[in-house]
Amino acid sequence: IRTAEGRRIRQAFVAPPGRRIVACQGQGSTGSAASTRLVVGSMHGNEKGGLKVTSRLRATDLSGQDVNIWTIDTINPDGHVRSRRGNLRRIDLNGNFPTAGWKQRFRGQDTYGGPRAASEPETRAMMKAMRTIRPEQVVVFHQRINAIDCPPYRSRAMTTRLAELTGYRIRCLPVNHGNFTAWANSRYDWTTTVTFELEARPPAARLDRVSAGLVALARD
């Protein structure tokens with residue numbers, strides 16, 4: 001990734017057959033900002049609401065705000081084009097991250113986490129993105145629960161602030177086997193990673209508020 005304050009940087013982390021996973025630095029982001037935020041629009045191919053948030057963030061001019069925001073639309077491009085939870089091999093990427101005690105589970109189900117931890121190129125791409133971008137805060141969008149999760153192994157400060165800024169309630173969800181947020185927070189002491197569950201069909205006004213809230217969070 002080249003230093004380029006004030007303009008976009010695009011970084012492809014992996015290229016599954018015919019499709020890339022791309023991280024994009026926001027317009028007017030400041031590379032020297034005090035901290036970096038990463039927003040992921042989608043992990044499951046049948047949960048696409050968060051892409052409307054990442055699209056809004058990329059359209060926002062952040063010049064003069066001294067923030068550094070990166071977006072990834074989806075880490076599951078093959079699942080996205082097929083509108084299904086899993087990737088090309090029908091593996092649930094949110095069960096494929098190498099959390100402590102990982103073991104193969106749920107074979108034959110849509111929550112199947114794969115034959116081994118980090119077996120999927122998409123998983124490894126997201127792991128590389130974390131090491132490359134080094135975001136102090138990460139928000140990953142999912143859908144249908146209509147709440148913001150408490151970050152595994154972290155205080156609720158970031159979740160509480162997001163709830164204030166966006167109007168979503170807080171709901172502390174179980175820490176699941178192979179879960180990305182559990183892996184990131186247990187692996188890196190410099191990040192806080194949160195799951196943000198949109199409703200099934202979030203209205204445009206609410207998505208506007210979420211996007212604005214993420215920019216405000218980056219200014220905090």
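Biologist: Which word fits Phe97 and Trp183, buried or exposed?
Modeller: This model is predicted: local features need pLDDT of at least 70, side-chain atom pairs count only at pLDDT 80 or more, and totals for chains, interfaces and linings use all residues. Residues are numbered from 1 along each chain as its sequence is written, and side-chain values use heavy atoms, leaving out hydrogens and water. By relative accessible area (1.4 Å probe, protein chains only), under 20% is buried, over 50% exposed and in between partly exposed. On that scale, both Phe97 and Trp183 are buried.

Biologist: At what angle are the planes of the Phe97 and Trp183 rings?
Modeller: Phe, Tyr and Trp rings (for Trp, the six-membered one) pair if their centres lie within 6.5 Å; planes under 30 degrees apart are stacked, over 60 edge-to-face, the rest tilted. There are seven aromatic pairs in the structure. The centres of Phe97 and Trp183 are 5.7 Å apart, and the pair is tilted because the planes are at 35°.

Biologist: How far apart in sequence are the parts that this pair ties together?
Modeller: Helices (H or I, at least four residues) and strands (E, at least two) are DSSP runs, numbered from the N terminus. Phe97 lies in the loop between helix 2 (77–82) and helix 3 (121–133), while Trp183 is in helix 5 (residues 180–187), so the parts tied together are apart by 86 residues.

Biologist: And which residue forms an edge-to-face pair with Trp183?
Modeller: Look for a ring 5.6 Å away, centre to centre, with 85° between the planes. Like Trp183, this partner is buried. It is Tyr188.
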